[in-house]
Amino acid sequence: MSNPGLDVFAGRVAIVTGGAASLGRAIVELLAQKGASIVIADRDGAAARRLEADICASGGSAAAVVADVAQAASVERLLAATVSRFGQVDILVNNAGMLGPIAELWDTTDADVDRVFALNVRSVFTCSRMVARHMMDRRKGSIVTIASVAGKDGPRGMSIYASSKAAVIGFTKSWAKELAPHGVRVNCVSPALIEGTGMRAEMPDWFSTDSAARIPMGRLARAEEVAQVVAFLASDAASFVTGACYDVSGGRATY
């Protein structure tokens with residue numbers, strides 16, 4: 001824990017949903033390196049506990065909490081466990097999400113839509129609503145949600161995923177206006193395809209190849225690069241930033 005900026009988040013507590021692997025793990029590790037106490041919320045309890053052990057062994061502060069953010073009761077337990085352990089929540093990173101089927105409109109089903117929206121949209125409402133009330137009482141806090149460049153350019157075959165991430169961008173802007181008077185900032189991050197993630201592994205080869213080809217910088221994003229933008233938005237360096245959607249797309253984003 002000797003990285004520059006070690007004390008950026010000293011005394012602050014962050015919940016990262018889906019925090020045990022891939023992008024979530026990169027976010028957890030970076031925030032911990034910068035001094036935050038981290039709650040690693042994940043359905044995979046074993047992976048979350050391993051990450052907790054790694055962070056604590058490196059001199060950081062972390063707690064693994066098994067949570068299914070698509071279930072309101074589970075989110076209630078997550079918040080209660082966080083406050084019981086650390087006393088507060090300063091940062092919420094809504095990272096948990098899923099790709100869902102890659103299919104043309106006529107091959108989608110209502111069940112597909114419900115499954116993707118339950119995690120990518122409704123669970124973010126649940127987590128943010130509960131944590132926002134806590135932050136409002138303290139008159140400070142930062143909420144950062146992972147959107148996607150797909151929510152901006154609507155790739156073919158990804159209408160369910162793309163619309164769920166477009167929803168993230170939309171409600172980020174609404175919540176920022178609602179929560180600004182209460183000292184709470186709300187932003188989102190819109191990455192292009194990230195290398196080494198489970199989401200990429202779910203894509204057919206032709207689809208991931210096409211996605212990579214449309215990135216002007218000629219490569220995929222790295223999880224650490226996305227995590228750096230999340231950390232910036234959560235920090236006091238972004239104290240006048242709210243309602244923003246930050247692209248980490250290598251130039252792919254169209255607006």
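Colleague: Which residues of α1 are buried?
Modeller: This is a predicted model, where local features need pLDDT of at least 70, side-chain atom pairs count only at pLDDT 80 or more, and totals for chains, interfaces and linings use all residues. Numbering starts from 1 along each chain as its sequence is written, and side-chain values use heavy atoms, leaving out hydrogens and water. With buried meaning under 20% relative accessible area (1.4 Å probe, protein chains only), the list for α1 is Leu23, Gly24, Ala26, Ile27, Val28, Leu30, Leu31 and Ala32.

Colleague: How far apart are the end C-alpha atoms of α1?
Modeller: Helix α1 (a DSSP run of H or I, at least four residues) covers residues 22-33, so its 12 residues, at 1.5 Å each, should span 16 Å. The model agrees with that, with the end C-alpha atoms sitting apart by 17 Å.

Colleague: And just after α1, which residue takes a positive phi?
Modeller: Look right past the end of α1. There, phi is about 105°, and the residue is Gly35.

Colleague: Which residues of α9 does α1 meet?
Modeller: On the α1 side, the ones involved are Leu23, Ala26, Ile27, Leu30 and Leu31. Contact here means heavy atoms within 4.5 Å. Their partners in α9 are Ala223, Glu224, Val226, Ala227, Gln228, Val230 and Ala231.

Colleague: Over in α4, is Ser128 buried or exposed?
Modeller: Ser128 lies in helix α4, residues 110-138. Skipping neighbours within four places in sequence, Ser128 touches Leu92, Asn94, Ile143 and Trp175. Its relative accessibility is 3%, so Ser128 counts as buried.

Terms used. Helices (H or I, at least four residues) and strands (E, at least two) are DSSP runs, numbered from the N terminus. The expected span of a helix is 1.5 Å times one less than its number of residues. Buried means under 20% relative accessible area, exposed over 50%, partly exposed in between (1.4 Å probe, protein chains only).
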